[in-house]
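Here is a friendly walk through the fold you are about to see, going from a helix pair to the sheets and then to a few unusual spots in the backbone. Have the viewer open as you read.

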Amino acid sequence: MADKVLIYSRFPKTMMARFAERFELLDTGGKPAQEMFSDGELAGVRALLTAGGSPLGAEAMDLLPKLGAIVCYGTGYDGVDLKAATARNIAVGHSPGANAASVADIAMTLMLATTRRILVADQYVRSGDWAASRKSPMMRPQAGLPGRRIGVYGMGEIGRKIAARCAAFEAEVGYFSRTQHDLPYQYFPSLEALADWCSVLMIAVRAGAETKNAVNADILKRLGEDGYVVNVSRGSVIDEAALVAALTDKSLAGAGLDVYDKEPHAPDALTALPNVVLSPHIGGHTLDSHVAMQNCVLANLTAFFEGRPLPYAVKAG
């Protein structure tokens, strides 16, 4: 008999195909588990697969009395109550670094599209304004990347790949993270100091209580009217209301966002602004990233059901 795995979050069935070959999947479709399955069906569930950002607290865990493993699809696990899991002796796993290259690529795409105003330029051509030689203040020359100061907030796997890509574009790179690393980039002791120094702030920090609204009105002000912010982390890291205000009053030049505070809804105030480039949380959404993340999920689930420690366990702290 195949081991049972509860699919806690809503995933496309194509993304679950490899897991279905090995396990019996109880798919909630993103709905509350108790609405989709009986107490008897849930009573035998020992492992759960979730999207890292989906809220998963003690109450949900207690619906599954035999739960021993929570496996996150992707690198994030900010939705999981780790204290509650530890108290119940539930192991938590994820896919560290599996989508780092893809997320770094989307960060660069958003930065280039925003700083070079690609969406505005695209519309300038499509509308016929270029052919008609109509002037547009949005088409005035912008600063290029060589010599530009780019600050990376968070120097994990994604942050490091972003930094390397920026350096390849001949930009000057600095960073702030909880730990100073042996890297060829300038380290800053605080986010405030990094924001004072850079003109583009790339957010790649792990989401959590300590980083919620870390990029606030003060940080945005420090970037200045020629500054940009790019977020490929979680929407919670930016004070969204402060960002809208800064973009609206032009105290910030622009923003590139792949994540939002309340997904899948981006504030109307952001979608109306011409100096913002938006994408629907597709940073890790590439074929190679999905294969890598699925490999981590399979390794974690297989190890758990074989009685071994998770090879990709979430590290405390």
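Helix α6 (residues 100-115) and helix α8 (residues 157-168) have axes that come within 8 Å and cross at roughly 50°. Axes here are lines fitted to C-alpha atoms, for helices over the stretch in contact, with angles running from 0 to 180 degrees between N-to-C directions. That crossing angle makes α6 oblique to α8; under 35 degrees counts as roughly parallel, over 145 as roughly antiparallel, 65 to 115 as roughly perpendicular and the rest as oblique. The crossing of α6 and α8 is right-handed, a term used when the near helix is turned clockwise from the far one by less than a right angle. On the α6 side, the contact is made by A100, A101, V103, A104, D105, A107, M108 and M111, and on the α8 side by E157, I158, K161, I162, R165 and C166. Contact means heavy atoms within 4.5 Å. Sorted by class, this contact of α6 with α8 has ten nonpolar, no polar and four charged residues. In that scheme Ala, Val, Leu, Ile, Met, Phe, Trp, Tyr, Cys and Pro count as nonpolar, Asp, Glu, Lys and Arg as charged, and the others, Gly among them, as polar.

A word on the source: this is a predicted model, in which local features need pLDDT of at least 70 and side-chain atom pairs count only at pLDDT 80 or more, while totals for chains, interfaces and linings use all residues. Residues are numbered from 1 along each chain as its sequence is written, and side-chain values use heavy atoms, leaving out hydrogens and water. Helices (H or I, at least four residues) and strands (E, at least two) are DSSP runs, numbered from the N terminus.

Now to the sheets. One open sheet has five strands in the order β2-β1-β3-β4-β5, with parallel pairing; two strands pair if DSSP finds at least two bridges between them. Its edge strands are β2 and β5 (91-93), each pairing on one side only. The twist averages 25° from one strand to the next. Helix α1 packs on this sheet, touching β1, β2, β3 and β4, and its direction makes about 150° with that of β2. Together, β1, α1 (residues 13-20) and β2 make a right-handed β-α-β unit; right-handed says that, with the strands pointing away from the viewer, the path from the first strand over the helix to the second runs clockwise. Helix α13 (residues 287-305) lies across β1, β3, β4 and β5, running at about 175° to β4.

Some of the parallel strand pairs are listed here.

| Strand pair | Bridges |
|---|---|
| β1 (residues 4-7) and β2 (residues 24-27) | four bridges |
| β1 and β3 (residues 47-51) | three bridges |
| β3 and β4 | five bridges |
| β7 (residues 172-176) and β8 | two bridges |

For the register, V5 has L25 in β2 as its bridge partner, I7 has L49 in β3, and A51 has Y73 in β4.

A second open sheet has seven strands in the order β8-β7-β6-β9-β10-β11-β12, again with parallel pairing. Here the edge strands are β8 (186-187) and β12 (276-278), each pairing on one side only. G174 stands opposite Q186 in β8. Helix α11 (residues 240-248) lies across β10 (228-231), β11 (254-257) and β12, at about 140° to β11.

Finally, a few loops deserve a look. Most residues other than glycine have a negative phi, and most peptide bonds are trans. E170 is not a glycine, yet has a positive phi of about 70°; this residue sits in the loop between α8 and β7. A cis peptide bond joins E263 and P264, with omega about 10°, and P264 is placed in the loop between β11 and α12 (268-271).

What does T75 touch, leaving aside its neighbours within four places in sequence? The contacts are H94, S95, P96, G97, N99 and R206. T75 lies in the loop between β4 (69-73) and α5 (82-87). From T75 to K250 there are 175 residues in sequence and 34 Å in space, C-alpha to C-alpha.
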